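Okay, thanks for squeezing me in, everyone. I'll put the structure up and then just talk my way through it.

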Amino acid sequence: IAKARGKNRLVLYADGMAQAAQEKIVLLEDLAGATSAGQFEVHYQPTIDLSSGTTTGYEALLRWHHPTRGLVLPAEFIPLAEEGGHIVEIGRWVLVEAARQAAAWSAQAGRPIGMAVNLSPRQLADDDVVATVRAALDGSGLPARQLTLEVTEGVLMHDVDQVVGQLLALRALGVRIAIDDFGTGYSSLSYLRRLPADIVKIDRSFVQDLGSGGRSTTLVASIIELARSLNLDVVAEGVETPEQQAVLGRLACSHVQGYLFGRPQPADAQTPPGLGPVAAVPIPRGPLPACT
Ligand code: C2E
Ligand code: MG
Ligand code: MG
Ligand code: MG
């Protein structure tokens, strides 16, 4: 009986695998037509200057409204779009959309509003990426210095010299480069040395543990110090509690992002920057705690 059951389980497992593969193929097909069908929407999450509590900009986060599956999150479709190559076309659409929105919000607020757009490895490896970014800036009138492109360590999986060349060419346009999810990679310190960058985004996993004892506070303090010594700006990702905010304030972290200050939302659901109440209570900066 046991043997028979084992065999059945194996068959079920194989069935499950086939089904997953089938689903992937279908999703890949759906992705191919999603941009022209208008199924994508950009949500925006504010970035806050911690010392003043004001919104300095937003990060563009992509959402897919699938006709039958409903809302699909990036974790599910970005890897597929990357694999299938659709990410280049999708990413172009996101850049145009986000640049246009940042220009509109800047005009509305009467001050420069920043916009950060995520670029995946395949997008950065694309020969046309510089022209694509330039076209998004030109088309929207958004000054280049208001645009940040976020990349992760994953971009180093491609030809490093080529990637560094692309980043330098993008920076020459005047845009800023952020290293996203900093601290989670295998070689964070070495890629900090190799990638031309302006901003470091401290990964949510470190921020989540702040204030709960443990070593996270020391780690985050070290990343902030390191960034300062390299003249990089710092954004802490995934701030959810006032306790985490307080620790980051004591560590003199310059910018924060997270559900505590605002969730990613469609543009029309967002309080226009400068018109609504400030997002955070300013926290006075204090001395750095001893790193023991
Ligand atoms: P990311 O760039 O590191 O973005 C931060 C993610 O954390 C977002 O997830 C955001 O919704 C979520 N988040 C923000 N604050 C909090 C918080 O306080 N708590 C928690 N638990 N989560 C928070 P999302 O929108 O699902 O995006 C996931 C990833 O997908 C992004 O990570 C980015 O790598 C990628 N992605 C999103 N949009 C695009 C895009 O347009 N192009 C490319 N290439 N990648 C994208
Ligand atoms: Mg990001
Ligand atoms: Mg991140
Ligand atoms: Mg991430």
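So, let me start with the lining of the largest pocket: β2, α2 (74–84), α3, β4, α4 (121–125), β5 (147–151) and β6 each put in at least two residues. Please keep in mind throughout that this is a predicted model. Of those elements, β2 is the top contributor, with five residues in that lining. As for volume, the largest pocket comes out at about 1,100 Å³. It has 36 lining residues, and the ones closest to the centre are Glu 59, Leu 61, Pro 74, Asn 118 and Asp 180. If you sort the lining of the largest pocket by class, you get 18 nonpolar residues, nine polar and nine charged.

Hang on to Glu 59, Asn 118 and Asp 180, because we meet them again at a metal.

Which residues hold the magnesium ion that's written as ligand 2? The protein donors are Glu 59 through OE, Asn 118 through OD1, Glu 150 through OE and Asp 180 through OD, and they lie 2.0 to 2.3 Å from the ion. If you like to look for patterns along the sequence, the spacing of those donor residues reads E-x58-N-x31-E-x29-D. Take Asn 118 and Asp 180 as one pair from that set: Asn 118 is in strand β4 (residues 114–118) and Asp 180 is in strand β6 (residues 176–182), so 62 residues apart, and the pair links distant parts of the chain. Buried or exposed, what is Asp 180? Asp 180 has 6% relative accessibility, so it counts as buried. Asn 118, on the other hand, is partly exposed, at a relative accessible area of 28%.

Now the second magnesium ion, ligand 3. Its coordination comes from Asp 180 (OD), Asp 181 (OD) and Glu 237, with Glu 237 listed twice through OE, at 2.1 to 2.5 Å. Along the chain these donors follow D-D-x55-E. Asp 181 sits in strand β6, while Glu 237 is in the loop between β8 and α10 (242–250), 56 residues away, so here too the pair links distant parts of the chain. Glu 237 counts as buried at 11% relative accessibility, and Asp 181 is partly exposed at 27%.

And what connects the two metals? That's Asp 180, which bridges the magnesium ion (ligand 2) and the magnesium ion (ligand 3), and those two lie 4.2 Å apart.

Right, next pocket. The second largest one has a volume of about 410 Å³. Its lining has 22 residues, and nearest the centre are Thr 56, Gly 57, Gly 114, Thr 148 and Arg 176. Which strand gives the largest share there? It's β2, with four residues. The elements supplying at least two residues each are β2, β4, β5, β6, β7 (199–202) and β8 (233–236). By class, that lining splits into eight nonpolar, eight polar and six charged residues.

Last bit: the aromatics. How many aromatic pairs are there? The count comes to six. One of them is Phe 40 with Trp 64, a tilted pair with 5.9 Å centre to centre and 40 degrees between the planes. Phe 40 is in strand β1 (residues 40–49) and Trp 64 is in strand β2 (residues 55–66), 24 residues apart, so this pair links distant parts of the chain. Both Phe 40 and Trp 64 are buried.

Then there's Tyr 44 with Trp 105. Why do we call that pair edge-to-face? The ring centres are 5.2 Å apart and the planes are at 75 degrees, and the cut-off for edge-to-face is over 60. Tyr 44 is in strand β1 and Trp 105 is in helix α3 (residues 87–109), 61 residues apart. Tyr 44 is buried at 2% relative accessible area, and Trp 105 is buried as well, at 3%.

Going back to Phe 40 and Trp 64 for a second, ring pairs join them with Phe 77 and Trp 93 into a cluster.

And one charge over a ring before I stop: the charged end of Arg 263 sits over the ring of Tyr 259, 3.8 Å from its centre.

That's my lot, so over to you.

Definitions and conventions. Residues numbered from 1 in each chain as written. Chains lettered and ligands numbered in written order. Predicted model: local features only at pLDDT ≥ 70, side-chain atom pairs only at ≥ 80, totals over all residues. Heavy atoms only, no water. Phe/Tyr/Trp six-rings, centres within 6.5 Å; stacked < 30°, edge-to-face > 60°. Buried < 20%, exposed > 50% of the residue type's maximum accessible area, 1.4 Å probe, protein only. Lys NZ or Arg CZ within 6 Å of the ring centre and 35° of its normal. Donors = N, O, S within 2.8 Å, 3.2 Å for Na, K, Ca; no water. 1 Å grid on protein atoms, 1.4 Å probe; cavity = no way out; pocket = protein on both sides within 12 Å on 5 of 7 lines; lining within 4 Å. Points joined across faces, edges and corners; volume = space filled by probe spheres on them. Nonpolar A, V, L, I, M, F, W, Y, C, P; charged D, E, K, R; others polar.
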